[in-house]
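Student: Could you take me through the surface of this model up close? Please keep it in one connected account.

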Amino acid sequence: MTCDDPSKAGDPALSVVAWVGFAMTFIGVASIIGAVAWYIVLVLVKREVDAGRR
């Protein structure tokens with residue numbers, strides 16, 4: 001089975017599953033990056049507050 005053009009692939013359900021999987025992976029990666037960014041911001045803010053108290 002040869003599929004030169006992915007948009008003309010035989011099973012549309014398979015492409016839907018692939019797109020959903022891709023979207024979920026993208027959202028998961030984005031949320032992980034967001035969580036790490038928030039953690040860094042919170043650590044920096046806490047450090048500034050601790051420095052300001054002294």
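Tutor: The accessible surface of the chain comes to about 5,100 Å². Carbon and sulfur atoms hold 73% of that area. Accessible areas come from the Shrake-Rupley method with a 1.4 Å probe, and for residues only the protein chains shown count as cover. This is a predicted model, where local features need pLDDT of at least 70 and side-chain atom pairs count only at pLDDT 80 or more, while totals for chains, interfaces and linings use all residues. Residues are numbered from 1 along each chain as its sequence is written, and side-chain values use heavy atoms, with hydrogens and water left out.

Burial comes next. Of the 54 residues in the chain, 0% are buried. Here buried means under 20% relative accessible area, exposed means over 50%, and partly exposed lies in between (1.4 Å probe, protein chains only).

The secondary structure is one helix and zero strands. Helices (H or I, at least four residues) and strands (E, at least two) are DSSP runs, numbered from the N terminus. Helix α1 covers residues 12–53, and V36 is found in it.

V36 also belongs to a nonpolar surface patch of about 570 Å². Its partners there are I32, Y39, I40, V43 and L44. Patch residues have over 30% relative accessible area and no salt bridge; nonpolar side chains (Val, Leu, Ile, Met, Phe, Trp, Tyr) are joined within 5 Å, like charges within 9 Å. V36 counts as partly exposed because its relative accessibility is 44%.

Now the aromatic rings. A search of the whole structure finds one aromatic pair. W19 and F22 form it, edge-to-face, at 5.9 Å centre to centre with 90 degrees between the planes. Rings of Phe, Tyr and Trp (its six-membered ring) pair if their centres lie within 6.5 Å; planes under 30 degrees apart are stacked, over 60 edge-to-face, and the rest tilted. W19 and F22 are three residues apart in helix α1, so about one helical turn separates them. Both W19 and F22 are exposed.

Charges come last. The whole structure yields one salt bridge. K46 and D50 make it through their side chains, at 3.3 Å, N to O. The criterion is a side-chain nitrogen of Lys or Arg within 4 Å of a carboxyl oxygen of Asp or Glu. K46 and D50 are four residues apart in helix α1, so they too are separated by about one helical turn. K46 counts as exposed, at 54% relative accessibility. D50 is partly exposed, with a relative accessible area of 24%.
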